Amino acid sequence: MAEITHAALNPHAQEMKERLSPSLTTGHPSMHDVTEAVSIISEVKTHRNWYIALAVTGSITGILGLMLAYLVATGVGVWGNNGPVGWGWDITNFVFWIGIGHAGTLISAILFLFRQKWRTSINRFSEAMTLFAVACAGIYPAVHVGRPWRAYWLFPIPNEFLNMWQNFRSPLLWDVFAVSTYATVSALFWYVGLIPDLATIRDRAVTKGRQMAYGIASLGWRGSATHWKNYEKAYMILAGLSTPLVLSVHTIVSFDFAVSILPGWHTTIFPPYFVAGAIFSGFAMVVTLMVIARWIYKVEHLVTMTHLENMNKVILATGTIVGYAYATEFFIAWYSGNPYESYVFFVSRATGPYWWAYWTMITCNVISPQFFWFKKLRTNIPFMFAISIVVNIGMWFERFVIIATSLHRDFLPASWGYFRPTFVDILTFFGTFGLFLTLFVFFTRFLPIIAMSEVKGMMSATRHEQHYLDEAVDASEGKVLEGGAH
Amino acid sequence: MADNPSIHGLVADFDSPDRLMDAVKAARKAGYTKMEAYTPFPIHGIDDAMGAKPSILGYLVLLGSATGLGLAIWLQWWTGAVDYPLVIAGKPFFAFEPSVPIMFELTVLLSSFVAVFGMIGLNGLPKLYHPIFNYTGHKGITDDRFVLVIEASDREFDATGTRDFLAAQGAGKLELIEA
């Protein structure tokens with residue numbers, strides 16, 4: 001009798017268990033195994049390949065340095081920006097890099113508030129990505145001001161040259177505050193998360209130098225209950241603050257466009273559309289980098305297929321939102337009856353001189369993520385790697401299309417133009433990838449790439465849950481009844 | 001024994017958070033008040049079990065938020081409408097609506113600073129020496145061990161009695177550590 005009741009209560013217990021507790025680690029590692037797997041990366045002797053990687057990424061960063069030096073010495077005219085396209089690759093690249101950063105904060109803050117346990121293995125890595133991407137983004141506006149040595153004029157710092165104040169009524173100044181706040185808060189959040197893990201590496205140190213370096217960096221963290229109490233409070237508050245912050249950053253970036261009165265820019269859909277696109281591109285970049293990093297550093301048992309698959313699902317969801325936003329823009333351009341607005345969408349973007357950029361964007365952003373509806377494809381590593389790169393190409397084109405198509409045909413046909421990048425544009429953009437990757441090369445070498453204390457906490461919590469689910473499975477299979485009829 | 005100033009306390013090592021939690025509860029029941037748990041990750045409910053007060057960090061952050069918000073309003077109003085009023089595109093010198101983004105950003109910025117530096121300050125960090133580092137197994141604390149220290153300054157502390165008590169709670173390793 002009891003057997004029937006249990007089975008009826010839990011006819012899908014096994015399936016339920018798999019759904020509720022997807023494998024966030026494989027091979028049942030112990031807590032010590034987690035410490036070993038992550039700490040060892042910074043403890044082993046530096047591999048020859050690391051130096052090769054550094055030499056390659058460092059050289060590309062060198063190109064960035066050369067291009068910036070050339071620009072500062074000569075002037076912003078070395079870029080292809082010119083009337084009517086006053087914002088070219090610089091602002092495209094700025095928005096591109098800022099957008100990439102968003103996935104890191106989404107994973108560290110929003111998924112934390114939603115209690116998504118799968119974030120723990122990938123949050124450290126993607127937060128690092130946020131910081132490095134924001135560093136790359138920051139270069140562009142700072143250089144685009146023309147006299148970068150006076151870039152501090154963007155901030156309300158009293159000085160002897162500028163006998164006036166910044167224009168707080170301009171979205172460009174809001175952007176200065178949004179991006180600098182975002183960079184600062186991301187760095188603080190990242191560091192707070194690192195403190196307990198730096199203490200782990202300090203305690204494992206075998207040389208005096210390492211003990212000193214990691215000891216100072218971890219501030220003397222000792223993992224007491226009092227420490228954890230304040231730490232958890234701080235972490236929760238930072239997650240709560242970062243959640244609206246990350247949504248605000250791309251919202252304010254989109255204000256740079258939306259608050260203007262240019263057709264194609266002056267739309268209220270921009271904030272949510274930019275935020276969705278940012279998360280879309282950011283997750284794609286996490287997948288690109290994580291697929292490589294988990295393989296090189298042998299942490300496939302901590303960053304499992306479940307993590308990759310979940311990220312691909314986010315890419316599918318946000319990619320679909322982006323596609324919907326594109327369609328909405330066209331609909332409103334037609335429905336508004338505004339001839340300038342219709343012209344930008346139906347002529348400039350879809351069929352005009354930038355048609356190739358527009359259709360590249362549609363193919364990469366709207367069509368390519370739709371493959372992730374199929375489980376076979378979203379769990380296929382080479383396939384997801386390819387799609388993640390395609391998505392980022394698409395998202396770069398999205399920003400280029402928005403900027404170039406709205407600017408290139410001014411209201412007077414006499415001032416129409418066509419944007420062509422110079423070699424400085426191209427090599428500067430190439431160089432920022434060098435900077436981004438160089439920072440990653442250092443990060444993966446010296447810092448714990450997986451948040452050890454969080455993974456251990458997650459494992460401990462999961463064990464309790466697992467125990468309960470095991471009982472449910474046993475019950476449905478009738479094993480619990482072996483004790484006989486009571 | 002309780003007056004020996006060279007002893008910080010007795011360390012008891014446990015192999016799981018559940019065992020540690022049970023030991024903390026038992027220690028509270030036995031009348032110990034000065035104890036501290038050391039763990040590789042936060043254990044929920046252990047502060048309550050130890051009788052610790054909740055963190056005051058949230059209130060400090062609220063002060064930071066209010067400061068950030070106030071600063072942003074003052075900065076935008078004073079620079080735009082008082083110190084150097086300048087007509088730009090016919091916009092008002094100061095209005096609430098265009099001031100919102102910077103009000104939001106500075107609120108978040110100052111709150112975050114208080115959250116991080118407040119946490120570090122409340123934890124008494126940076127502090128590069130602490131008696132717990134004298135424990136021979138302290139490396140395990142940031143790895144996979146769960147440690148309870150009953151401090152020598154506790155009125156109930158007694159080197160042998162406390163040792164027997166903790167051993168009865170299933171502690172694997174017991175060690176007196178110097179202050």
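The paragraphs below lead through a predicted model of two chains, from its confidence values to its interface, helices and loops.

Residues are numbered from 1 along each chain as its sequence is written, while chains are lettered from A and ligands numbered from 1 in the order in which they are written. Because the model is predicted, local features need a pLDDT of at least 70 and side-chain atom pairs count only at pLDDT 80 or more, whereas totals for chains, interfaces and linings use all residues.

Confidence is considered at the outset. The predictor's confidence in each residue is expressed as pLDDT, on a scale from 0 to 100. For the complex, the predictor gives an ipTM of 0.91 and a pTM of 0.88. Chain A has an average pLDDT of 87, and 91% of its residues score at least 70. Chain B also averages 87, with 97% of the residues at 70 or above.

The elements named here are helices (DSSP runs of H or I, at least four residues) and strands (runs of E, at least two), numbered from the N terminus. Among the elements of chain A, helix H13 (residues 355–367) has the highest mean pLDDT, 95, and helix H1 (residues 2–9) the lowest, 46. Residues 1–8 of chain A have a pLDDT under 50, and the model gives them eight contacts beyond four places in sequence; two residues are in contact if their C-beta atoms, placed from the backbone, lie within 7 Å. Residues 480–486 of chain A are likewise below 50, with four contacts beyond near neighbours in sequence. Where pLDDT is low, the predicted coordinates should not be read in detail. In chain B, the mean values of the elements run from 81 for helix H5 (residues 159–168), the lowest, to 95 for helix H4 (residues 100–122), the highest.

The two chains meet in a contact that takes 50 residues from chain A and 53 residues from chain B. On the side of chain A that touches chain B, helices H3 (31–43), H7 (171–204), H9 (225–258) and H17 (452–477) each supply at least two residues. H9(A) gives the most to this side, with 16 residues. By kind, the residues of this side of chain A divide into 24 nonpolar, 18 polar and eight charged. In this division Ala, Val, Leu, Ile, Met, Phe, Trp, Tyr, Cys and Pro count as nonpolar, Asp, Glu, Lys and Arg as charged, and the others, Gly among them, as polar.

H7(A), one of the helices at the contact, has 34 residues and should span 50 Å at 1.5 Å a residue; its end C-alpha atoms are 49 Å apart, which agrees. The expected span is 1.5 Å times one less than the number of residues. H7(A) bends by about 40 degrees at A:Ile195, and the proline A:Pro196 follows within four residues. Such a bend is the angle between axes fitted to the seven residues ending at a residue and the seven starting there. Because 24 of its 34 residues are buried, H7(A) is largely enclosed by the rest of the structure. A residue is buried if 20 or more other C-beta atoms, placed from the backbone, lie within 10 Å of its own, exposed if 12 or fewer, and partly exposed in between.

Helix H10 of chain A (residues 270–296) can be read in the same terms. Its 27 residues should span 39 Å, and its end C-alpha atoms are 39 Å apart, in agreement. A kink of about 25 degrees is centred on A:Met290. With 20 of its 27 residues buried, H10(A) is also largely enclosed by the rest of the structure. After H10(A) comes A:Lys298, which has a positive phi near 55 degrees.

The loops hold further details of the backbone. Most residues other than glycine have a negative phi, and most peptide bonds are trans. A:Leu219, in the loop between helix H8 (208–217) and H9 of chain A, has a positive phi near 60 degrees. This residue is partly exposed, because 18 other C-beta atoms lie within 10 Å. B:Ala89 has a positive phi of about 50 degrees and is exposed, with 7 other C-beta atoms within 10 Å. The peptide bond from A:Gly83 to A:Pro84 is cis, with omega near 0 degrees, and that from B:Leu125 to B:Pro126 is cis, with omega near -5 degrees.
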